[in-house]
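Me: I am new to this structure and would like a close look at a single part of it, namely the nonpolar core, together with the elements around it. Please take me through it slowly, in connected prose.

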Amino acid sequence: MNFAFSEEQEELRRTVRAFLEQKSPSAEVRRLMETEEGYDPAVWEQMGSQLGLQGLAIPEEYGGSGYSYVELIVVLEEMGRALLAAPYFSTVALAANAILHSGDDAAKKELLPGIASGETIATLAMTEDNGRWDAEGITATATKSGDGYTIDGHKMFVLDGHTANLIIVAAKTGDNVSLFTVAGDASGLTRTALATMDQTRKQARLEFSGTPAKLLGTEGEGWPVLSRVLDLAAVALAAEQVGGAQMCLDMSVDYAKVRVQFGRPIGSFQAIKHKCADMLLEVESAKSAAYYAGWAAAELNDELPTVASLAKAYCSDAYFHAAAENIQIHGGIGFTWEHDAHLYFKRAKSSQLLLGDPTYHRELLAQRIGI
């Protein structure tokens, strides 16, 4: 079994990295995180129409390129490295996956081409004020109304929820969870942008009051779909975390080579060497976990639930540790607003909590392997 990336996949990595170095330098990330939308529509359009990134893992019959999840994690790793400010994760890893795995062929034909082309910004609205990522945490309700449904309740921490023009909503129908599609401008929908620690990834609170919705998939069978989508999203986030962790390591090593104290580079001091060596070990281990999980996601095999939780837990801790050590190695300058270290630290912390923190995923992993 060979887990090395192919030449085509490495070329994809080089192309995406070159694009992001040009379109998502630090100055641009800082500019976008101060805006309400949090992304550049021109760059988003380029990503869809020229690079085909939004449709990368969407089947060709729905307007995508038909590549596998392995190519997707290559792209996400580069996006994590560049701290790309764009609604890519919410649209591709959450919403597109929910539609793809809903079993609703009509919805796939209707909705996926828009996502693949970059015309549609979509997201998944699942968590509520309780912050839970399980079926019991969903209390919003959907009621049959004529040919469709209406939703009442609220959703919290919705990625790009204030800018998305398509929202996949998880709501209760009776005792079970169902999935619905809601237009971003639907009546009875109130969207409020949240103040977040990580300003590069926007979140919103959504309130539904008799909001018209359309059933996605089969009524009452939303949780098995959601469970798989959350696993796939955890793998995608793990890949993104690996990219960020690698960048923190690179920044630390580069600084340790050029920062001179007591007449010698600080990288020659044993304490700094140990920090960098520990970071390298954790980053490489995180890559192994994320890449293996990416393979399991591409195959949709029986290992996916266990390796998704394993990768999410390990990569979350590795990224957070790398981001914290990066600040330490930079010393005083690492604590300043002008230096980029804090941007990675904040992304690392928010990603650690997104989709469930490491403790939650270790518990989930234990349950899934029968401990």
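Reply: What follows is a walk through the core and then through the helices, strand and loops around it.

The model is a predicted one, and the description below should be read with that in mind. The largest nonpolar core has 99 residues, and those with the most contacts inside it are Met47, Tyr88, Phe89, Ile168 and Leu355. Helix α7, which covers residues 222–258, gives the most to this core, with 13 residues. Apart from it lies another core, of 19 residues, among them Leu83, Ala256, Ile329 and Tyr344. As a general background, nonpolar side chains tend to be buried together in soluble globular proteins.

Phenylalanine 89 is a good residue from which to look outward. Once its neighbours within four places in sequence are left aside, phenylalanine 89 is in contact with Leu76, Leu94, Leu159, Arg201, Ala233, Ala236, Leu237, Glu240, Leu354 and Leu355. The last of these partners, leucine 355, is also among the residues with the most contacts inside the largest core. Leucine 355 sits in the loop between α10 (341–353) and α11 (358–368), and with a relative accessible area of 5% it is buried. Its backbone deserves a second glance, since leucine 355 has a positive phi of about 65° although it is not a glycine. Most residues other than glycine have a negative phi. Phenylalanine 157 shows a positive phi as well, near 55°, again in a residue other than glycine. This phenylalanine is found in strand β3, residues 148–159, and its relative accessibility of 34% makes it partly exposed.

Returning to helix α7, we can follow leucine 249, which lies in that helix and is buried, with a relative accessible area of 5%. Apart from neighbours within four places in sequence, leucine 249 is in contact with Cys276, Met279, Leu280 and Val283. Leucine 249 and glutamate 325 are 76 residues apart in sequence, and their C-alpha atoms are 8.7 Å apart in space.

The packing of helices gives a further view. Helix α1 (residues 7–23) and helix α4 (residues 69–82) have axes that come within 9 Å and cross at roughly 30°. Angles under 35 degrees count as roughly parallel, and α1 and α4 are therefore roughly parallel to each other. Their crossing is right-handed. On the α1 side the contact is made by Gln9, Leu12, Arg13, Val16, Arg17, Leu20 and Glu21, which meet Val70, Glu71, Val74, Val75, Glu77, Glu78, Met79, Arg81 and Ala82 in α4. The residues of this contact divide into eight nonpolar, one polar and seven charged.

Helix α2 (residues 26–33) has buried residues of its own, and these are Glu28, Val29, Arg30, Leu32 and Met33. The buried residues of α2 pack against α1, α4 and α10.

A second pair of helices can be read in the same manner. Helix α5 (residues 88–100) and α6 pack at an angle of about 160°, with their axes 9 Å apart. Angles over 145 degrees count as roughly antiparallel, and α5 and α6 are therefore roughly antiparallel to each other. The crossing of this pair is left-handed. Thr91, Ala96, Ile99 and Leu100 in α5 meet Ala107, Lys108, Leu111, Leu112 and Ile115 in α6, and the residues of the contact divide into seven nonpolar, one polar and one charged.

Two of these residues, Thr91 and Ile115, also touch threonine 120. Threonine 120 is found in the loop between α6 (105–117) and β1 (122–125), and with a relative accessible area of 17% it is buried. Beyond its neighbours within four places in sequence, threonine 120 has further contacts that include Trp44, Gly114, Asn165 and Leu166.

Finally, glycine 334 is found in the loop between α9 (304–330) and α10, where its relative accessibility of 1% makes it count as buried. With neighbours within four places in sequence set aside, glycine 334 is in contact with Ile327 and Ala341.

Key: Residues are numbered from 1 along each chain as its sequence is written. This is a predicted model: local features need pLDDT of at least 70, side-chain atom pairs count only at pLDDT 80 or more; totals for chains, interfaces and linings use all residues. Side-chain values use heavy atoms; hydrogens and water are left out. Axes are lines fitted to C-alpha atoms, for helices over the stretch in contact, and angles run from 0 to 180 degrees between N-to-C directions. Helices (H or I, at least four residues) and strands (E, at least two) are DSSP runs, numbered from the N terminus. Angles under 35 degrees count as roughly parallel, over 145 as roughly antiparallel, 65 to 115 as roughly perpendicular and the rest as oblique. A crossing is left-handed if the near helix is turned anticlockwise from the far one by less than a right angle, and right-handed if clockwise. Contact means heavy atoms within 4.5 Å. Ala, Val, Leu, Ile, Met, Phe, Trp, Tyr, Cys and Pro count as nonpolar, Asp, Glu, Lys and Arg as charged, and the others, Gly among them, as polar. A nonpolar core is a set of buried Ala, Val, Leu, Ile, Met, Phe, Trp, Tyr and Cys residues joined through side-chain atoms within 4.5 Å. Buried means under 20% relative accessible area, exposed over 50%, partly exposed in between (1.4 Å probe, protein chains only).
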